[in-house]
Each structure stands twice: as C-alpha cells, then as structure tokens.
Amino acid sequence: MADRHPVHGGKAVRAWLEANTERIELHLMPGYSSELNPDEPLNADLKRNVNASRTHNVDRLAHET
C-alpha cells in the first residue's frame, strides 16, 4: 500500500515495481484521506504547530537557548 506522495512515483520506484510484478501487488491510497486514516488530522496538526513554533533565524535561536 502506498499513498500518492511524489516519491512513490519516482523512476527508481517504478523500475523496481516493474521488475517485481510477480512478487508485489500495489494498492494506492488517496493522498489525504482522514476518514480512512485517523492519524491524518494529528499529523496535520503537528506539522502546523511545529512549523509555527520553530526558530526562523540565527539571532532568535541565540536568544531562545
């Protein structure tokens, strides 16, 4: 199973999948499916809050430690 993240459609992945068609069955999930994956809202919240609270420049970093 794989979501539709761009890395899963890269040349190396596609080549591997073609070389291993007898060994694997690929199932693609929607890119964002909170109704199917309860972790999605949590991940979105973490990304939003971690990014908002990170230090954006060296001067601010020096004064926060």
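Reader: Of the 65 residues of the chain, what percentage count as buried?

Author: This is a predicted model, and a residue counts as buried when its relative accessible area is under 20%. Of the 65 residues of the chain, the share that counts as buried is 8%.

Reader: Which order do the elements of the chain follow from the N terminus on?

Author: The secondary structure of the chain comes to 3 helices and 0 strands. Read from the N terminus on, the elements therefore carry one α for each helix, and the order is α-α-α.

Reader: Which residue forms a salt bridge with Arg48?

Author: Side chains of opposite charge can pair when their charged atoms come close. The structure holds 1 salt bridge, and in the pair that includes Arg48 the closest N and O atoms are 3.5 Å apart, which satisfies the cut-off of within 4 Å. Both residues belong to helix H2, where they are 3 residues apart and so separated by about one helical turn. The partner of Arg48 is Asp45.

Reader: Does Arg48 count as buried, partly exposed or exposed?

Author: A residue counts as exposed when its relative accessible area is over 50%. Asp45, at 33% relative accessibility, counts as partly exposed, whereas Arg48 reaches 52% and therefore counts as exposed.

Reader: How much accessible area do Leu42, Leu46 and Val50 have together in their nonpolar patch on the surface?

Author: Leu42 lies in helix H2, which covers residues 39-53. A patch takes residues with over 30% relative accessible area, and Leu42, which is partly exposed, has 48%. Together with Leu46 and Val50, Leu42 forms a nonpolar patch whose accessible area is about 280 Å².

Methods
Residues numbered from 1 in each chain as written. Predicted model: local features only at pLDDT ≥ 70, side-chain atom pairs only at ≥ 80, totals over all residues. Heavy atoms only, no water. Patch = residues over 30% accessible without salt bridge, like charges linked within 9 Å, V, L, I, M, F, W, Y side chains within 5 Å. Areas by Shrake-Rupley, 256 points an atom, 1.4 Å probe, with all protein chains shown as cover. Salt bridge = Lys/Arg side-chain N within 4 Å of Asp/Glu carboxyl O. Helix = DSSP H or I, 4+ residues; strand = E, 2+ residues; numbered from the N terminus. Buried < 20%, exposed > 50% of the residue type's maximum accessible area, 1.4 Å probe, protein only.
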